[in-house]
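Me: Please walk me through this one with short questions and answers. Keep it brisk.

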Amino acid sequence: MPRYEYRCRACGETFEVQRPMREANVKTACPAGHDDTVKLLSTVAVGGGAAAAAQPRPAGGGGCCGGACGC
């Protein structure tokens with residue numbers, strides 16, 4: 001279930017709420033009870049981890065100039 005991050009405009013507290021995606025746009029109060037909250041845009045980073053880093057890079061492909069500069 002996704003987590004959504006909110007900030008309270010009244011007290012400035014930032015908090016998370018876990019709820020189903022179908023309720024993503026439902027208004028929510030802050031833990032102090034204030035109703036003036038805004039949902040924040042959260043960034044998610046997905047990486048390949050150590051397994052992806054261990055993969056050898058293909059020689060001479062891509063890069064900034066299609067591999068001509070050796071990058």
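Me: A definition to start: two strands count as paired if DSSP finds at least two bridges between them. The model here is predicted. Over how many bridges do E1 and strand E2 pair?
Reply: Strand E1 covers residues 3-8. Strand E2 covers residues 14-18. One opposed couple is arginine 3 and glutamine 18. The two strands run in the antiparallel sense, and their bridges number five.

Me: Which residue takes a positive phi in the hairpin of E1 and E2?
Reply: Five residues sit between the strands of this hairpin. A phi near 85 degrees is found there, at glycine 12.

Me: In E3, which residue is the bridge partner of cysteine 8?
Reply: Strand E3 spans residues 37-39. E3 pairs with E1 in the antiparallel sense, over three bridges. Across from cysteine 8 in E3 stands threonine 37.

Me: Which residues make up the covered face of strand E1?
Reply: In a regular strand, side chains alternate between the two faces of the sheet. On E1, the uncovered face holds Arg3, Glu5 and Arg7. The covered face holds Tyr4, Tyr6 and Cys8.

Me: How many disulfides does a search of the whole structure find?
Reply: A disulfide needs two cysteine sulfur atoms within 2.5 Å. The cysteine sulfur closest to that of cysteine 8 is in cysteine 11, at 3.6 Å, so the gap is too far for a bond. The disulfide count is zero.

Me: Is cysteine 11 buried, exposed or partly exposed?
Reply: Buried means under 20% relative accessible area, and exposed means over 50%. Cysteine 8, at 1%, is buried. Cysteine 11 has 39%, so its class is partly exposed.

Me: How are the rings of tyrosine 6 and phenylalanine 15 arranged?
Reply: The count of aromatic pairs is one. The ring centres of tyrosine 6 and phenylalanine 15 lie 5.6 Å apart, with planes at 15 degrees. Tyrosine 6 is buried at 3% relative accessibility, and phenylalanine 15 is buried at 9%. Planes under 30 degrees apart set the class, so the pair is stacked.

Me: Which residues does alanine 10 touch, not counting those up to four places away in sequence?
Reply: Alanine 10 is in the loop between E1 and E2. Its relative accessible area is 54%, so alanine 10 is exposed. Its C-alpha is 7.8 Å from that of threonine 37, 27 residues apart along the chain. The residues touched are His34 and Asp36.

Conventions
Residues numbered from 1 in each chain as written. Predicted model: local features only at pLDDT ≥ 70, side-chain atom pairs only at ≥ 80, totals over all residues. Heavy atoms only, no water. Buried < 20%, exposed > 50% of the residue type's maximum accessible area, 1.4 Å probe, protein only. Helix = DSSP H or I, 4+ residues; strand = E, 2+ residues; numbered from the N terminus. Contact = heavy atoms within 4.5 Å. Phe/Tyr/Trp six-rings, centres within 6.5 Å; stacked < 30°, edge-to-face > 60°.
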